[in-house]
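Hello,

Here is the structure we talked about. Please look it over before reading my notes.

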Amino acid sequence: MEIRMQGLGVSPGIAVAPVIVHARGRWHVPVYAISNPEAEIERFHLALESAREDLLRLYAQTTAALGSGHAAIFQAHLMILDDPVFQEEVSELVRSRLCNVEHALDRVSREYLEKMGQLAEFHLQDRHADILDVVDRLMERLLAVQPRRLADIEEPVILVARDLSPSETVGLNRELVQAIVVEVGSVTSHSAILARALQIPAVIGVPSITAKVIPGQFLVVDGSDGTVILDPEPNTQRRYRQERETFLRRQAVYAGDTSRGPAIMADGQAVILQANIELPAEVAHGLRAGATGVGLFRTEYLFLGRNDLPREQEQFEAYLDVVRAANGQPVTIRTLDIGGDKLSSAFSAYHEANPQLGWRAIRYCLAHPELFRAQLRAILRASAFGPVRIMFPLVTGPDEFRRARDFMKQVMLELRDENIPFDANVPVGAMIEVPSAVMTADILARECQFFSIGTNDLIQYSLAVDRVNEKIAHLYDPCHPGVIRMIAQVVNAANARGIECAVCGEMAGDPLYAELLIGLGVLTLSMAPVAIPFVREAISELDTASARQFALQALSIDSSEDIRNLLAQRYTKRTARLNSSPVPETAP
Ligand code: PEP
Ligand code: MG
């Protein structure tokens, strides 16, 4: 009998495949006395050697598939593995205690992790995860247990896990992992965003799924509506395989779509569509999908999954890659938005009781001038090579914006003194994603050259709904009258000063909300590249006068549910024609 489960679909697509369960468990480490320490240390060296071979292979494979940026994580693991102090401490403990090497390794690594836990630096939290990873790799060998590493997957599977960190998600083999199902998270958690960027179908918020499935069992996953079916019957499998074919064909048709430039509404009004990117390689996806530049370049990937901070030159090269790839189109680079949900999930709550309200984003940068300076210098240097805009995340009001902008001006003076070229008129804007920024948008509009509304965080902070807590994910409501009024208020403040007001949260990439956002006056939408053709198509059906009228109506409705129903009705009516049109057999 098949069993249906319901989660939240966060990355569209369908998969029918056997399950692999990813568990991040700790080992049961035996302790026993030994009489021949040198033989024990020899075992340790054999394990080190075999782990090293593995890491070198993964490094080469990842470099070939995703580029050296992603492979850097394996280099970091090799450095930990080859650390002579670490190796010597383990060997020394074996000799002095005459204990087995697993126990010595466990003791030494725990001490390292404890020391590290006392340091409240974000990049060290990722190092913490890296050490655990290396120790796991060694333990697998010493205890001769079957490895269950994500990068070692060899056949098409559906990956089921309690949670996946952004670095685990980014390291997945896209060809083989056909879908992801996790127990925790929400639509806008970073792993969900990455799954969309990598175009891996994903469903989140399926409680206890790791306990319910057996590895190898068949599963159907629909990443659009969140359906998960355990042990699908033959008819169900057949139906979903057909739907998968149709989805892939439609996607291929859109990928071959050559529409470029702004989306044009039925009455001729242009709406700018830009790409949200997490990785430089995605600029090409964005341009292929018809984006007019990059509306949001999330720079966190440069800081995650490594032992040290990226240097100015390394950052400059990454930003330059994006600017060059954008080929003269504008690139909006967001300064580091670390903290909150943007850490490996295992450690995000480690140092702060309340990380979403904690030491994060622009606050963290202002408190770490050296880190901020290096990033601003790198961005400004890249601005000499093409149109760049700088955007500060999580700005809470005018004072904070001015502090960040004044710091940037100081950095400009330093560059000028050093005769390093940059664009002195680089536009500087704020993400509007905190209610206090909404309430001061009229003041901010005097200081900023553009706004971009981050609806993911704006909804989180205005409705007090943690965006990564699956228990309250159903309360995360873009149609809440409070949210709609906030968007309207920000757009009006921007229009009054003649500055651009974009939306770059996930709302912008959902064709359902296009009419509402455009009706509220938003004429720039930035989204995951994969969403661009769908939003373009939805916009082509809209008309400015009726979108305005609808937005006014939505602003006067007092219930989220009524707003959502009305929005869905109008959308369904418009798309009925599109859905009934046959899907071409092959991509052009
Ligand atoms: C947002 O908050 O809407 C946003 C676009 O930024 P992020 O999802 O990276 O926090
Ligand atoms: Mg945000």
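My notes on the metal site, the sheet and the cores follow.

This is a predicted model: local features need pLDDT of at least 70, side-chain atom pairs count only at pLDDT 80 or more, and totals for chains, interfaces and linings use all residues. Residues are numbered from 1 along each chain as its sequence is written, and side-chain values use heavy atoms, with hydrogens and water left out.

Metal site. Glu 433 (OE) and Asp 457 (OD) are the protein donors of the magnesium ion (ligand 2), at 2.0 to 2.2 Å. Donors are N, O and S atoms within 2.8 Å of the metal (3.2 Å for Na, K and Ca); water is not among the atoms, so sites may look incomplete. Glu 433 sits in the loop between strand E14 (428–432) and helix H15 (435–439), and Asp 457 in helix H17 (455–463), so the pair ties together parts 24 residues apart in sequence. Helices (H or I, at least four residues) and strands (E, at least two) are DSSP runs, numbered from the N terminus. Glu 433 is buried at 2% relative accessibility. Asp 457 is buried too, at 2%. Buried means under 20% relative accessible area (1.4 Å probe, protein chains only).

Sheet. Eight strands form an open sheet with mixed pairing, in the order E1-E8-E7-E3-E4-E5-E6-E2. Strands pair if DSSP finds at least two bridges between them. E1 (3–6) and E2 (8–11) are the edge strands.

Core. The largest nonpolar core has 101 residues. Its members are buried Ala, Val, Leu, Ile, Met, Phe, Trp, Tyr and Cys, joined through side-chain atoms within 4.5 Å. Helix H18 (481–497) gives the largest share, nine residues.

Best wishes

Technical notes. Chains are lettered from A and ligands numbered from 1 in the order in which they are written. Buried means under 20% relative accessible area, exposed over 50%, partly exposed in between (1.4 Å probe, protein chains only).
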